[in-house]
Each structure stands twice: as C-alpha cells, then as structure tokens.
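Trainee: I have a chain open on the screen and would like to go through its core, its sheet and a few odd residues.
Mentor: Put it up, and ask one thing at a time.

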Amino acid sequence: MPHPIPLFLPFMSLFITSLNSGSNGNCYYIGNDTEAVLVDAGISCRETEKRMKRLGLDMSKIKAVFISHEHGDHISGVETLANKYRLPVYITAATLANSRLRINTQLVRGFAAYEPVSIGDLSVLAFPKLHDAIDPHSFVISHKGVNVGVFTDIGSPCKHVIENFGKCHIAFLEANYDEYMLENGRYPIHLKRRISGDKGHLSNNQALELFIKHKHPELSLLYLSHLSKDNNSPHLALDLFASFAEDTDIAVASRYKETPVSRVPTGIAATNTDISPAETVQMSLF
Ligand SMILES: [Zn+2]
Ligand SMILES: [Zn+2]
C-alpha cells in the first residue's frame, strides 16, 4: 500500500548567532531544533549563559564545543563551560598541548581535518587555515543541506578556506582591519606586520575579494566578524560590502554583544528549493 502523502512537508530550522566576535572573545552558536554546537568559547561561562538567556536559547541544547586554536580570545571560557555542563570539547592534541586548559580528560575529543564529526543531526567539518597558532582550523557545520561556516583568524585565504567558504549558505567571515587604518594607526610596526602577515588576520579588502570571487550563489547571510576595535569600524566594513552584496544580507558580528538569532529553514522544504533568506528573530525561540 503506498504511503499517504503528508499534508505538510516536514522541515526543521537552523539557529545561528554570534555570542561575541573580536579579539576580546569569540563564541559562535549553530544549532537545530534539538542540538547545537559552539565554535570556540572565548567569553566567560557566565557571560555565555547570560547572552544565551537573553536570546532565548537553552544551554541544554549545546552538545559540544569545537576549538579553532589556542589563542585566549577563543578558549578563555571553555574550561569552566565544559566542566560545568560536562560538554565534550573537540580540540586537536597540538592545540591542547599549547594551551593551559585543564579540561576533565573524559571530555576531551580529538578531530582531524576533513573527517566530519556528527553531533546529533549536525555534521561538523574541520579544515586547516593559515594563522599564527600551532594547529589552527576552521569549521563548516552542516544540517540537511545547509552549510554554515566560521572563518575567522585567517592570515590569507588558502585553498581550504576558499573551497569551504564557497560551500556556505551562511558564513561568519573575518574582516579584521582596514588597511589604511592599520598602516597609519598607533600599533608598533612588528604588530602591524603580524596582523597583516600571511598568518595574521584578514583585512576588509581580503574578505571582500574572497566574498566577490568565491561566495556560494545562494549565500544568504554574511556576518563580518572579528573586527578590530582600533583598526576598523562596523560602518566602514558594512559600507565597503554594501555595493557588492547583491542577494546576500550583510551584518556585523559585534565585539560588544550577541547578534539576534537568525533562523534558516532546513530539510525537505529547504533542500528542494533555494535557501530562503535568513530570518532574524529576536524573540524567545523555545
Ligand atoms: Zn581571534
Ligand atoms: Zn587567533
């Protein structure tokens, strides 16, 4: 007997937010209706809890934390968060060895580039990038055909970054500094060279070039991320991207507060058609 045709096509959603983005702390939330991962935990556990609550997101949805590299702005909250909530922490052995993290060893999990990790219905793919850390990686999180990437702390876009950015329907992309502001600013010359070097950070122009040349045709939302406080401004970065945005919504992931949650439909409804533009929701979701 044939299956009856369902009256509605089942679909789920992805919920995406930056809890903070910048040299003072990075923490990105990507989750579906039942589970979520954090990419990096660079703000305190207390601040993470506070911001999650303000967004109407439930801490119990978080099932794992993925660590990109050992710099303090990516790991400072992970120890307390992981130990308190018994969260598995996915981190490479080299990154762990180069950090001072003291995470309960039972919670430590490894990962390797291009070996996807399943967290419930989410799939997390790590890939290497160029940055001045021991073993830096970035991540693409996938759910029912929708790919969300976190691309920060990148000196220059290598083939891994280019290829993975090109797969994403939603992305956090570093736009760390305006080249003129950095060059003419008050930073000492060695720091200017480190930031602008191949293992430093992406400038606004580098991010724009990556966006123009390699974005997915259905990239619906781009968060400009990890903006420098001294060498950039949200207005400057947004203005630069505005005339090239076409169908992509451009937002800034703030270094001071959480971004409103974006909800993207996934599943049958989404994979059979184009990705709907991300819907920004500020009310309590659950
Ligand atoms: Zn950073
Ligand atoms: Zn870094």
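**Core, sheet and two loops**

Mentor: This is a predicted model. The largest nonpolar core holds 71 residues, and those touching the most other members are V37, V65, V124, L173 and L224.

Trainee: Which residues is L224 in contact with, leaving aside its neighbours within four places in sequence?

Mentor: L224 is one of the core residues that touch the most other members. L224 falls within β12, which spans 221-225. Apart from its neighbours within four places in sequence, its contacts are L173, A175, A237, F241, I250, V252 and A253.

Trainee: What is the order of the strands in the open sheet?

Mentor: The sheet is open, has seven strands and is mixed in its pairing. Strands β7 (117-119) and β13 stand at the edges with a single partner strand each, so one side of each has no neighbour in the sheet. From one strand to the next, the twist averages 20 degrees. The order is β7-β8-β9-β10-β11-β12-β13.

Trainee: Is the pairing of β8 and β9 parallel or antiparallel?

Mentor: In general, strands of a sheet pair through backbone hydrogen bonds, in one sense or the other. Between β8 (residues 122-128) and β9 (residues 137-143) there are six bridges. V124 has I141 of β9 opposite. The sense of the β8 and β9 pairing is antiparallel.

Trainee: At about what angle does α9 run to β13?

Mentor: Helix α9 covers 234-242, and β13 covers 249-252. The helix lies across both β12 and β13. Its angle to β13 is about 165 degrees.

Trainee: Is H226 buried or exposed?

Mentor: H226 sits in the loop between β12 and α9. Its phi is positive, near 55 degrees, in a residue other than glycine. A residue with 20 or more other C-beta atoms within 10 Å counts as buried. H226 has 28 C-beta neighbours inside 10 Å, so H226 is buried.

Trainee: Is E246 buried or exposed?

Mentor: E246 is in the loop between α9 and β13. E246 is not a glycine, yet its phi is positive at about 50 degrees. The limit for an exposed residue is 12 or fewer other C-beta atoms within 10 Å. E246 has 9, so E246 is exposed.

Trainee: How many of the 286 residues in the chain, as a percentage, are buried?

Mentor: The chain has 10 helices and 15 strands. Among its contacts with a separation of 6 or more, 65% join residues 24 or more positions apart. The buried share of the 286 residues is 48%.

Key. Residues are numbered from 1 along each chain as its sequence is written. Chains are lettered from A and ligands numbered from 1 in the order in which they are written. This is a predicted model: local features need pLDDT of at least 70, side-chain atom pairs count only at pLDDT 80 or more; totals for chains, interfaces and linings use all residues. Helices (H or I, at least four residues) and strands (E, at least two) are DSSP runs, numbered from the N terminus. A nonpolar core is a set of buried Ala, Val, Leu, Ile, Met, Phe, Trp, Tyr and Cys residues joined through C-beta atoms within 7 Å. Two residues are in contact if their C-beta atoms, placed from the backbone, lie within 7 Å. Two strands pair if DSSP finds at least two bridges between them. Axes are lines fitted to C-alpha atoms, for helices over the stretch in contact, and angles run from 0 to 180 degrees between N-to-C directions.
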